[in-house]
Amino acid sequence: MISTRLLMPVFFIFVSIGFLIATFNLPKAKMGDPNAPIYFPAVISIFLLIVSVIYLIREWRAKRKEDEPLKRLKAGRTPVLIVSTLVLGLIYALVFFHLGFLVSTILFLGALLFLVNGKSRWLVNIVVALLFSLASWYAFSHLLNISLP
Amino acid sequence: MGVDIQSLVDGLMTALQPTNLLWLAFGGFLGTVVGMLPGLGPATAVAVLIPITFGMDPTTALIMMVAIYSGAMYGGSRSSILLNTPGDGSAIAATFDGYPMAKKGQAGQALAMSAIASLIGGLIAVVGFVLLAAPLADFALKFGPAEYFLLMLFTLSAIVSLSMGNMTKGFISMSVGLLLSTVGIDLQSGVYRFTFGLPQLSEGIDFLVVIIGIYAVGEVLYNYLSIDKPLGKKKRVGEKWITKEQWKRSKWPMIRSGPLGFLIGVLPGAGGSIASMLSYTTERQLSKRSDQFGKGAIEGVAAPESANNAASVGAMIPLLTMGIPGSGTTAVMLGAVIMLGVKPGPLLFENDPNMVWSLVNSMFIGNILLVMINILLVGLFVKILDTPPKVLYPLILVLAFIGTFTLNYSIVDFYLLMIFGVIGLFMKMLKFPIAPLILALIVGGDMEQNFRKSLVASDGGLDIFFASPICIALIGLTILSVCYPLIVNGIKRKKMRTQHKEWDM
Amino acid sequence: MKKFLLAASLLLTLTACTSPNAGGSSFPVKNIEFVAPASPGGGWDTTARAMQKTLDDEGIVKKPINIVNKPGGSGEVGWKYLKNKDAHTLAVNSSLLITNNLLGQSDLTYDDFTPIAILATEWEAVVVPKDSDIEKAEDLMTKLKKDPKSLKLGVAPGLGNDDHLSFVQAAKTYGVEVPKLDFLVYESGGDVATALLGNHIDAATMSVSEAKEQYKAGKVKILAVSSKERLEGLEKVPTWKEEGVDMSFPHWRGIMGPPDMSEEEIAFWDEKISEMVKTEAWKEILQNNEWEAYYKNSSETKKFLQEQNEMYKDLLNDSGLTE
């Protein structure tokens, strides 16, 4: 099996090529040098490509060594936590304007607390979620005058 | 405009009036608290607290705003040190050594040192303001597009030197930052680059969203990796005051960083992020114990803290002497004082000297008050560390989302926040240095635009980059900053070929 | 009579089905929202907050008014948001509403909304450093006519805005080859002023308020202003008209509502805003910000926006930004 070490360098190579293609598809400037907006991103993407290839070569040489860092991603309940947090964040973003700040934040914070802190401490979770959301809502919308939905 | 002792004393009397003192302390306190929240840096803090100043006497209002400004600078580094989540670009450098110190159980000392360093940097800058405001304003005017480009280049080279020993990853991180800086409307041509048709992206990716994403969200995700491990020993706060030895080590870095930060702060558009980063790299290169930097060296907290606070005082010079805001924060302040009927401009010093000198004195007194506030609060701040992590992490996440929302009031930023959170997680796991990405994102746009402006101004000739003494000096510094660590590294390698050190930030 | 009104309003409520809560003689029925399509601190935000403050402090509008900041896309984010709201939401606008669309940067334009009012305006100025050998607008234009690249011009924060286009209009009259001009684009008016004071650019076009304090201190020379008559505090500065260019170029700010507002809702705002612009508080805000009263009611605004659209279409073609 090819070592997971190569994933990152390959990812960056794709990023740089993607940017390079996007760069050459940029619209031309209507005044002055028509290519002016293109030079800088083009140079940087080519630079990123070169460095990524060097990175790839380095990792290729080290491929026999165990890939420690990425292994930790799979340990214990870490993957569940990370994915759930992101999904909750996504839901929060989607309902933010519909439910308003207060309700959505109580739900988001509550869900995160149950996820991370565990069900056994439900009382703490609920109290913290309610108090913290209320306090931050009051602080932001009343003391700081920030318009919240 | 020179120093007129009489005006200086009059200003001191105004600043010492009880109402002004009260608002000064109150503004400083509010600024500190708001500045601690992720994403709420000085500019936002001043903007959101402006309504408080409605109906105030203009001098008092300006004093209050300056207090909020400095307070937010202090506050920004609190969260850097305690939670590794800087609130603003200028507080990033405080994470490099502040957070490792907190991890080692020296949070109290790091906080105390950061407050002292801020005070010293601030005081040096106020003195500089009194003596040098007029010549410095002229000096700042000498910076044309070519000079700005070279200053940004110098900053980038300092960033590169930061990733010494980990060059490949440092360069990748920097290039990604530079590429991200090209997103949005290209000022010189009006062309939209990489916005995917989203109007929210047309003004570019807000670097604060990236900071909050990578540092705050990324940090929480990263901590998930070890969340169920039994807490070895309880994180200790340690001493709340610095030792004599720490003071001795930090004394000169603070005194050197003050003027450096002040000078960079005077330049419109440069500001705290560049000042603190340059002072950090300078001290690291000058230090005999540079291998300790990044692992909790107290000088690494002292230098950038002194520089960024000095920069915030320096940023007032273009505003007060020319009526030109040199930074986002001073632009907000300009808008606010105009509403109050003050017309900042080149004539402010002549028309309203009392206001200017009261303000200068308030900056002086404000810094002393802020240090007292912050040292009194050290005990309270470190209580944050006593919060069980499993409760703290969700709270940081929620604060990160709220802080992000206050930047642009946009949901698109929530998605960006999560994307950069994941990127931050991977960067931390794979030991990619983060600072190059953020700083490249901050300076990249200006660097490109100034390069192109220079070429338009010179009708395409490259000679403009060598045309002034400032240019030559900046080129020299850039070369020095790249070569110096290489030489030092070369000597070190010869001395001990044994191991290759990688250090992460 | 009352019964008739009631019936009429009921009818209106029924017909105005897009906004079920709106209509009716009791408009507004809930809190009012002003959209500033920018972050706190900028011109649009200042306009929105100035209106909120005056309408509220003077008791002109009884319902609470909230400010919503929706920055992004030179206003587009905020205006998109307005489009799906009912008549309780209004948004601040400026010529960018028109030029964004003409430049192909936005699908929205002025006739996607209900014009309510033009509130105030600033004027544009052409400025050179104090030790420049250019003394008159004519000198500047003659030089540019001979060689459009001979002078470096500063503008902020983007091509196609009023600062840029007012200059284009003047230059065109003198027969300058406008698309060949060298513009250095800065991020803010402050940056342009700094560049001008440091002699990094030869001339700049900016709003009068950005130039006035520097002019008073003798740091810059103002060659011409785009107003119809000479301005207070700048009595020695000629207008473009006196310089032989037949133009007056306002840099206006206005306010508009979502599409399909009822007659009655428009009438409500016409009444309230015309009352607002007469108050001392409003006049003081205008003066502090160096704005000039430029009030136009909803029907005048409608006509004005149409004329502006035509004018900008021509100007953008002349500037070389559109074909």
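# A walk through chains A, B and C

Start by selecting C:Ser132: the residue is buried, at 15% relative accessible area. (Buried means under 20% relative accessible area, exposed over 50%, and partly exposed in between, with a 1.4 Å probe and protein chains only.) You're looking at a predicted model, where local features need pLDDT of at least 70, side-chain atom pairs count only at pLDDT 80 or more, and totals for chains, interfaces and linings use all residues. For finding your way, residues are numbered from 1 along each chain as its sequence is written, chains are lettered from A and ligands numbered from 1 in the order in which they are written, and side-chain values use heavy atoms, with hydrogens and water left out.

Stay on C:Ser132 and show the backbone around it. The residue sits in the loop between strand 4 (114–129) and helix 5 (137–146) of chain C; helices (H or I, at least four residues) and strands (E, at least two) are DSSP runs, numbered from the N terminus. Now add C:Ile134: its backbone nitrogen lies 3.1 Å from a polar atom of the C:Ser132 side chain.

**Next stop: salt bridges in chain C**

Select C:Asp182 and C:Lys152. They form a salt bridge, with the closest N and O atoms 2.8 Å apart. (The rule is a side-chain nitrogen of Lys or Arg within 4 Å of a carboxyl oxygen of Asp or Glu.) This pair links distant parts of the chain: C:Asp182 is in strand 6 (residues 182–185) and C:Lys152 in strand 5 (residues 152–155), 30 residues apart. Are these two buried or exposed? C:Asp182 is buried at 10% relative accessibility, and C:Lys152 is buried too, at 6%.

Then jump to C:Lys172 and C:Asp318, whose side chains meet in a salt bridge at 2.8 Å, N to O. Here again distant parts of the chain are linked: C:Lys172 belongs to helix 6 (residues 162–173) and C:Asp318 to helix 11 (residues 298–319), 146 residues apart. C:Lys172 is partly exposed at 34% relative accessibility, and C:Asp318 is partly exposed at 27%.

Before leaving chain C, pick out a group in chain B: B:Asp186, B:Arg193, B:Glu448 and B:Arg452 are joined into one network by salt bridges that share partners.

**Over to chain B, helix 10**

Select B:Glu245 and B:Arg249, a salt bridge at 2.9 Å, N to O. Both lie in helix 10 (residues 244–266) of chain B, four residues apart, or about one turn of the helix. B:Glu245 is partly exposed at 49% relative accessible area, and so is B:Arg249, at 25%. Across all chains, the salt-bridge count comes to 26.

**Last stop: where chain A meets chain B**

Show both chains and select the contact (heavy atoms within 4.5 Å). You should pick up 57 residues from chain A and 55 residues from chain B. Together the two chains bury about 5,200 Å², 83% of it on carbon and sulfur atoms. (Buried area is the accessible area, with a 1.4 Å probe, that two parts lose on being put together, summed over both.)

How many salt bridges run between chain A and chain B? The count is zero. There are three residue pairs in polar contact between the chains, both residues at pLDDT 80 or more. (A polar contact is a pair of N or O atoms within 3.5 Å; within protein, one must be able to donate a hydrogen and the other to accept it, and residues adjacent in sequence count only if both atoms are side-chain atoms.)

Now color the helices of chain A. Helix 1 (7–24), helix 2 (36–61), helix 3 (68–71), helix 4 (78–117) and helix 5 (122–143) each supply at least two residues of the side touching chain B. Helix 4 gives the largest share, 20 residues.
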